[in-house]
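Welcome, and please open the model in your viewer. We will walk through it stop by stop, selecting a few residues each time.

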Amino acid sequence: MLSRLPAALLATLICNAARADTRPSLCQASEVAIFSCAIGSKIASLCASPDLGPSQGSLAYRFGRKGAIELIHPEAPMPPDQAFSTAVVGDAGFAGDIVRFSRGETRYTLYSISVRGQGDRDGILVSRAGRKLADLKCKDFALGTDAWKLLYRAKLPKAEPASLD
């Protein structure tokens, strides 16, 4: 059947299939998954409304399983710039982006970095009082196509410190 399709149409179908988002996600159908991946048997997702911008739209972090969400941030709707911060990070050995939020004394840092000589790494650092509690590594690539462009459009405050610590 595919061999009967015109070459241009076949190329378009293959290209669109390659772009399909196959990452596991806890985002709703109306949201864009900026960051989403499997961590063990659970899923971590950073979900945005398509109208995300400075002081508008919504941004939500969800962690758990479909039908059994364990953590949602923020718990109540609020402007994204009051709930999250972001930064570009790097040094001589790595470069990438982070999104950060805090719940009480616990800080969560979602990261997508490239480590020189080792490739890309995505995950979530969990820390309290400057002490790392966990480094939850994604099984696969966590970023959606052009996902950070949407996040940058929100003009979130700069994460301090702008590091993986």
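A disulfide is a pair of cysteine sulfur atoms within 2.5 Å. Keep that in mind for the cysteines, and remember throughout that this is a predicted model.

**Stop 1: the whole chain.** Start with a cartoon view and colour it by secondary structure. You should find 3 helices and 9 strands, arranged along the sequence as α-β-β-β-β-α-β-β-β-β-β-α. Now switch on the surface: the chain exposes about 9400 Å², with 56% of that supplied by carbon and sulfur atoms. Of its 165 residues, 43% count as buried.

**Stop 2: the cysteines.** How many disulfides does a search of the whole structure find? There are 2. With the bonded cysteines numbered in sequence order, they pair 1-3 and 2-4.

Select Cys27 and Cys47 to see one of these bonds, with 2.0 Å from S to S. Cys27 sits in the loop between H1 and E1 while Cys47 belongs to strand E2, so the bond ties together parts 20 residues apart in sequence. Both Cys27 and Cys47 are buried. The torsion about their S-S bond is about -90°, so this disulfide is left-handed.

Next, select Cys37 and Cys138, joined by a disulfide that also has an S to S distance of 2.0 Å. Here the torsion is -50°, again left-handed. This pair links distant parts of the chain, 101 residues apart: Cys37 is in strand E1, and Cys138 is in the loop between strand E9 (131-137) and H3. Are these two cysteines buried or exposed? Cys37 is buried, because its relative accessible area is 2%, and Cys138 is buried too, at 13%.

**Stop 3: a neighbour in the loop.** Select Gln28, in the loop between helix H1 (7-19) and strand E1 (32-39). Gln28 is partly exposed, with a relative accessible area of 48%. Add Ser49 to the selection: it is 21 residues from Gln28 in sequence, and the two C-alpha atoms are 9.4 Å apart.

**Stop 4: the cores.** In soluble globular proteins, nonpolar side chains tend to be buried together. The largest nonpolar core here has 29 residues, and Ile34, Phe35, Leu46, Leu59, Tyr61, Phe84 and Ile124 touch the most other members. Elements giving two or more residues to this core include E1, strand E2 (42-48) and helix H3 (147-153). Zoom in on Ile34, whose contacts beyond four places in sequence include Leu46, Leu59, Ala147 and Leu150. To finish, select Val89, Ile98, Ile113 and Ala159, which are among the 9 residues of another, separate core.

Notes. Residues numbered from 1 in each chain as written. Predicted model: local features only at pLDDT ≥ 70, side-chain atom pairs only at ≥ 80, totals over all residues. Heavy atoms only, no water. Helix = DSSP H or I, 4+ residues; strand = E, 2+ residues; numbered from the N terminus. Buried < 20%, exposed > 50% of the residue type's maximum accessible area, 1.4 Å probe, protein only. Areas by Shrake-Rupley, 256 points an atom, 1.4 Å probe, with all protein chains shown as cover. Core = buried A, V, L, I, M, F, W, Y, C linked by side-chain atoms within 4.5 Å. Contact = heavy atoms within 4.5 Å.
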